[in-house]
Amino acid sequence: ALAGTIFVLDPYHEDAIELLQSKPNCKIILPNDHFKADWHELADAILIRSETHLTEEDFDKQKKLKVVVKQGVSVNNVDLEAAKKHGVMVCTNSPGLNSESVAEFTLALALTLARRVSEIDRRVRNGEIIIRSQTLGMSLFQKTIGIVGMGNIGRVVAQKWRGAMSGKVITYDPYAPEEAWSDIEHQRVQSLETLLVASDVVTLHVPLTVSIRGMIGTKQLSHMKRSTILINASRGGIVDEPALLHALKSRQIHGAALDAMEVEPPTLEAYSEFFELDSVIVTPHIGASTAANQSKSGVEAVETVFAVLEG
Ligand code: NAD
């Protein structure tokens, strides 16, 4: 039977915790437990999300760690080389698990920004009487979306856009095989510039790699139409933030909705200039944060820990 000490270092959904606690021979340490700091000594497995950063030093210090499971589909917060060096497995959720939630949130961001929902709500709460004829939004019906990265999330965004907006889909992804989304009506282009020039909404669904860092900078922003909305619900660092701030202030593009930023969580200190603009929406990386999704991905992460410890 499975036995071991499992540390949960970041908050997990209660369904995942319940499942963990259902194993009789496992010792479970939760995030608010004061033994938490002892994981280097005691843990056979740890469960994290994006809050905990695991460095080379952590892997040097640990005594018996077999596996790190990160809830989520990508890991930017673990030194994978160091883990490998010490023979510690690093696992994530299965690809695609978050796709529905993040794609749904992407559309929510586009609509909120285009129809000025959060801005107008803010103004109403401030006691302002809104003059509707002077507060017009932008309709997204039949507009063109440019999807950068047609992986698990990008594809669902494409489907939803076709269904909800009856709009055109332009895609740029030099790597993903076309068969994967042949059922979705779209126009695949061979350069990012072609996509940027033609899109009303540009949405990013690429991983953050060394070569993708700063993919959307001054030059790329200058290719977009003045009426374009930029959405980043992927990773901070993909958009060059000073360049974006400049493009927004000079009204080079219509607006930006950002769920992923260089500094997370996004603070007033880091982003006060962005926060002054009504053409910006900022959310703290909540694209995958629905109750159903957190339960599903937390439970899957726990099952992965069990599977590894059971060998
Ligand atoms: P995925 O790996 O399934 O898809 C990524 C796609 O990007 C692939 O098809 C790949 O070919 C393509 N790509 C790689 N380099 C490219 C380039 N230079 N130009 C264009 N395309 C390129 O990943 P996914 O699951 O769809 O996730 C996409 C992004 O969303 C990731 O950055 C992920 O971390 C992020 N994400 C965000 C949230 C959130 O809460 N906001 C939640 C989950 C995932």
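This note comments on the predicted model shown above, point by point.

1. Confidence. The model is predicted, and its mean pLDDT over the protein is 96, with 100% of the residues at a score of at least 70. Among the elements of the protein, strand 2 (residues 26–29) has the lowest confidence, with a mean of 95, while strand 9 (residues 201–204) has the highest, at 99. The scores for the model as a whole are an ipTM of 0.99 and a pTM of 0.92.

2. Surroundings of the ligand. The shell around the ligand holds 30 residues, of which Gly149, Gly151, Ile153, Tyr175 and Gly287 come nearest. By class, the shell is made up of 17 nonpolar, 10 polar and 3 charged residues. Helix 7 (residues 152–165) is the element that contributes most to this shell, and it does so with 3 residues.

3. Helix 5 against helix 7. Helix 7 also packs against helix 5 (residues 99–114): the two axes come within 8 Å and cross at roughly 50°. Helix 5 is therefore oblique to helix 7. The handedness of this crossing is right-handed.

4. Residues between helix 5 and helix 7. On the side of helix 5, the contact involves Ser99, Glu100, Val102, Ala103, Thr106 and Leu107. These meet Asn152, Ile153, Val156, Val157, Lys160 and Ala164 of helix 7. The residues of this contact comprise 7 nonpolar, 3 polar and 2 charged. Ile153 deserves a remark, as it appears in the contact with helix 5 and is also one of the residues that come nearest to the ligand.

5. Helix 1 against helix 12. Helix 1 (residues 14–21) and helix 12 (residues 291–310) pack with their axes 7 Å apart, at an angle of about 25°. Helix 1 is therefore roughly parallel to helix 12. This crossing, too, is right-handed. Helix 1 supplies Asp15, Ala16, Leu19 and Leu20 to the contact, and helix 12 supplies Ser295, Gly298, Val299, Ala301 and Val302. By class, the residues of this contact divide into 6 nonpolar, 2 polar and 1 charged.

6. A cis peptide bond. The bond from Glu264 to Pro265 is modelled as cis, with omega near -5°. Pro265 lies in the loop that links strand 11 (255–258) and helix 11 (268–275). A colleague preparing the coordinates may wish to note this bond.

7. A positive phi. Arg116 is a residue other than glycine, yet its phi is positive, near 60°. The position of Arg116 is in the loop between helix 5 and helix 6 (117–125). Helix 5 is thus met twice in this note: it packs against helix 7, and it borders the loop that holds Arg116.

Methods:
Residues numbered from 1 in each chain as written. Predicted model: local features only at pLDDT ≥ 70, side-chain atom pairs only at ≥ 80, totals over all residues. pLDDT = per-residue confidence, 0-100. Helix = DSSP H or I, 4+ residues; strand = E, 2+ residues; numbered from the N terminus. Near = placed C-beta within 6 Å. Nonpolar A, V, L, I, M, F, W, Y, C, P; charged D, E, K, R; others polar. Axes fitted to C-alpha atoms, helices over the stretch in contact; angles between N-to-C directions. Parallel < 35°, antiparallel > 145°, perpendicular 65-115°, else oblique. Left-handed = near helix turned anticlockwise from the far one by under 90°. Contact = placed C-beta atoms within 7 Å.
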